[in-house]
Amino acid sequence: MDRSVLWRAAAVQAASVAVLSIALAITLPRYFFEDWGWLAGPASWILCALVTAAVVHLPRLRVIVGAALAGLPSVLFVVVGAHWAGAVVAIVLFALWCARLAREPGLPARAV
């Protein structure tokens, strides 16, 4: 596991999610999220993961797979009404995925 990638992936994903969430909250009405949150949330999460992949220099497809897997447990948090707690858990899982991914054989060494 690459700890540098872990922290950078967590920071970039958290910042991306925060910025996009604030922008969407400012520009869209509440009922949009009530009606379309099931689609907008995962799409936003994947978009933020693509930003993370670019900034941290990881392969996009593998990062998307990790983002999808890391996002699954957050569904339980949404069901119980703790959406943002689920986002924190998902960011931790996603960062762990990225850190493991950075150490896979066949990936070029990255400058930190």
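In this predicted model, helix α1 has 25 residues and reaches 36 Å from its first C-alpha to its last, close to the 36 Å expected at 1.5 Å a residue. The buried residues of α1 are Val5, Leu6, Ala9, Ala10, Val12, Gln13, Ser16 and Val17, and what covers them includes α2 and α4. An α-helix has 3.6 residues a turn, so residues three or four places apart point the same way.

One of the buried residues of α1 is glutamine 13. With a relative accessibility of 0%, glutamine 13 counts as buried because the cut-off for that class is under 20%. When neighbours within four places in sequence are left aside, glutamine 13 is in contact with Trp45, Cys48, Ala49, Thr52, Ile91 and Phe94.

The packing of the helices is considered next. Two packed helices are described by the angle between their axes and the distance between the axes. For α1 and α4, the axes come within 8 Å and cross at roughly 140°, and the crossing is right-handed. On the α1 side the contact is made by Val5, Leu6, Ala9, Ala10, Gln13, Ala14, Val17 and Ser21, while α4 contributes Trp84, Ile91, Phe94, Ala95, Leu96, Cys98, Ala99 and Ala102. Divided by class, the residues of this contact of α1 with α4 are 14 nonpolar, 2 polar and no charged.

Helix α4 also meets helix α2, which covers residues 30-56, whereas α4 itself covers residues 83-102. The axes of α2 and α4 come within 13 Å and cross at roughly 35°, and this crossing, too, is right-handed. Here the contact is made by Trp45, Ala49 and Thr52 of α2 together with Ala90, Ile91 and Phe94 of α4. By class, the contact of α2 with α4 has 5 nonpolar, 1 polar and no charged residues.

Helix α4 has 20 residues, and the distance from its first C-alpha to its last is 28 Å, close to the 28 Å expected at 1.5 Å a residue. Its buried residues are Gly86, Ala87, Ala90, Ile91, Phe94, Ala95, Cys98, Ala99 and Leu101. What covers these buried residues of α4 includes α1 (3-27), α2 and α3 (60-79).

Helix α3 is described by its span, a kink and its buried residues. The end C-alpha atoms of α3 are 29 Å apart, which agrees with the 28 Å that its 20 residues should span at 1.5 Å a residue. A kink of about 30° is nevertheless found in α3, centred on proline 73. The residues Val63, Gly66, Ala67, Ala70, Gly71 and Ser74 of α3 are buried, and the buried residues of this helix pack against α2 and α4.

Serine 74, which is found in helix α3, gives a view of the packing against α4. At 16% relative accessibility, serine 74 counts as buried, because this value is under 20%. Not counting residues up to four places away in sequence, serine 74 touches Gly86, Ala87 and Ala90, and these three are listed among the buried residues of α4.

Leucine 50 lies in helix α2, and its relative accessibility of 30% places it in the partly exposed class. Apart from residues up to four places away in sequence, leucine 50 touches Arg60 and Ile64. Leucine 50 and glycine 37 are 13 residues apart in sequence, and the distance between their C-alpha atoms is 19 Å.

Two residues outside the helices complete the description. Most residues other than glycine have a negative phi, and most peptide bonds are trans. Histidine 57, found in the loop between α2 and α3, has a positive phi of about 65° although it is not a glycine. Its relative accessible area is 45%, and histidine 57 is therefore partly exposed. A positive phi is also taken by glycine 81, at about 85°, just after α3.

Technical notes
Residues numbered from 1 in each chain as written. Predicted model: local features only at pLDDT ≥ 70, side-chain atom pairs only at ≥ 80, totals over all residues. Heavy atoms only, no water. Axes fitted to C-alpha atoms, helices over the stretch in contact; angles between N-to-C directions. Helix = DSSP H or I, 4+ residues; strand = E, 2+ residues; numbered from the N terminus. Left-handed = near helix turned anticlockwise from the far one by under 90°. Contact = heavy atoms within 4.5 Å. Nonpolar A, V, L, I, M, F, W, Y, C, P; charged D, E, K, R; others polar. Expected span 1.5 Å × (residues − 1). Buried < 20%, exposed > 50% of the residue type's maximum accessible area, 1.4 Å probe, protein only. Bend = angle between axes of the 7 residues up to and from the residue.
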